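Here is a friendly walk through one protein model, from its core outwards. Have the structure open and follow along as the residues come up.

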Amino acid sequence: MKCKVCKKDKELRIGVCFDCAEAESIIGEGLDMWDNGKNGTKEPAKTAMEKLQLLIAKGWGKD
Ligand SMILES: [Zn+2]
């Protein structure tokens, strides 16, 4: 099965792979799948930059 977001062949939950589900959570809530926010705290990332920093810390970004 291919993830409907990244199109990669992965294990899916509701059509989306874990990495994309987590990115979606970070963009939407400012928290990852373990409810961690900015700098490893439970404080949600609020600004676009804080969310981006969280995503990059998770390995997102251009190669
Ligand atoms: Zn995906």
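## Core and helix pair

The largest nonpolar core has five residues in all: Ala23, Ile26, Ala45, Leu54 and Leu55. Two elements give two or more residues to this core, namely helix H1 (18-29) and helix H2 (48-57). Please keep in mind that this is a predicted model. A general tendency fits here: in soluble globular proteins, nonpolar side chains tend to be buried together.

How do the axes of H1 and H2 cross? They come within 9 Å and cross at roughly 160°. Because the angle is over 145 degrees, H1 is roughly antiparallel to H2. On the H1 side the contact is made by Ala23, Ile26, Ile27 and Gly28, and on the H2 side by Lys51, Leu54 and Leu55. The crossing of the two helices, H1 and H2, is right-handed. Ala23 and Ile26 thus appear in the contact between the helices as well as in the core, and Leu54 and Leu55 likewise belong to the contact and to the core.

## Around Ala45 and Glu50

Ala45, another member of the core, is a good place to look next. Setting aside neighbours within four places in sequence, Ala45 is in contact with Glu29, Gly30, Gly37, Lys38, Glu50, Lys51 and Leu54. Of these partners, Lys51 and Leu54 are also among the H2 residues that make the contact with H1.

Glu50, one of the partners of Ala45, sits in helix H2. Is Glu50 buried or exposed? Its relative accessibility is 19%, so Glu50 counts as buried, the cut-off being under 20%. The side chain of Glu50 has a polar contact of 3.0 Å with the side chain of Lys38. Beyond its neighbours within four places in sequence, Glu50 is in contact with Lys38, Pro44 and Ala45. Lys38 is therefore a contact partner of Glu50 that also touches Ala45.

From the loop between H1 and H2 comes Gly40. This glycine is exposed, with a relative accessible area of 63%. Gly40 and the core residue Leu54 are 14 residues apart in sequence, while their C-alpha atoms are 8.9 Å apart in space.

## The N-terminal part

Now turn to the other end of the model, where several residues deserve a closer look. Lys2 lies in the segment before S1. Not counting residues up to four places away in sequence, Lys2 touches Lys7, Lys8, Asp9, Leu12 and Gly15. Lys2 and Val16 are 14 residues apart in sequence, and the C-alpha to C-alpha distance between them is 8.1 Å.

Lys10 is placed in the segment before strand S1 (12-13). Apart from neighbours within four places in sequence, Lys10 is in contact with Met1, Cys17 and Asp19.

Lys7, one of the residues that Lys2 touches, is found in the segment before S1 too. Which sign does phi of Lys7 have? It is positive, at about 65°, although Lys7 is not a glycine. Ile14, in the loop between S1 and strand S2 (16-17), has a positive phi as well, near 55°. For context, most residues other than glycine have a negative phi.

The table gathers the accessibility of these residues.

| Residue | Relative accessibility | Class |
|---|---|---|
| Lys2 | 54% | exposed |
| Lys7 | 55% | exposed |
| Lys10 | 30% | partly exposed |
| Ile14 | 81% | exposed |

## The whole chain

Stepping back, how many helices and strands does the protein chain have? The secondary structure comes to two helices and two strands. From the N terminus on, the elements run β-β-α-α. Along its principal axes, the C-alpha trace spans about 35 × 25 × 15 Å.

The protein chain has 63 residues, and buried residues make up 27% of them. Among contacts between residues at least 6 apart in sequence, 18% join residues at least 24 apart.

Conventions. Residues are numbered from 1 along each chain as its sequence is written. This is a predicted model: local features need pLDDT of at least 70, side-chain atom pairs count only at pLDDT 80 or more; totals for chains, interfaces and linings use all residues. Side-chain values use heavy atoms; hydrogens and water are left out. A nonpolar core is a set of buried Ala, Val, Leu, Ile, Met, Phe, Trp, Tyr and Cys residues joined through side-chain atoms within 4.5 Å. Buried means under 20% relative accessible area, exposed over 50%, partly exposed in between (1.4 Å probe, protein chains only). Helices (H or I, at least four residues) and strands (E, at least two) are DSSP runs, numbered from the N terminus. Contact means heavy atoms within 4.5 Å. A polar contact is a pair of N or O atoms within 3.5 Å; within protein, one must be able to donate a hydrogen and the other to accept it, and residues adjacent in sequence count only if both atoms are side-chain atoms. Axes are lines fitted to C-alpha atoms, for helices over the stretch in contact, and angles run from 0 to 180 degrees between N-to-C directions. Angles under 35 degrees count as roughly parallel, over 145 as roughly antiparallel, 65 to 115 as roughly perpendicular and the rest as oblique. A crossing is left-handed if the near helix is turned anticlockwise from the far one by less than a right angle, and right-handed if clockwise.
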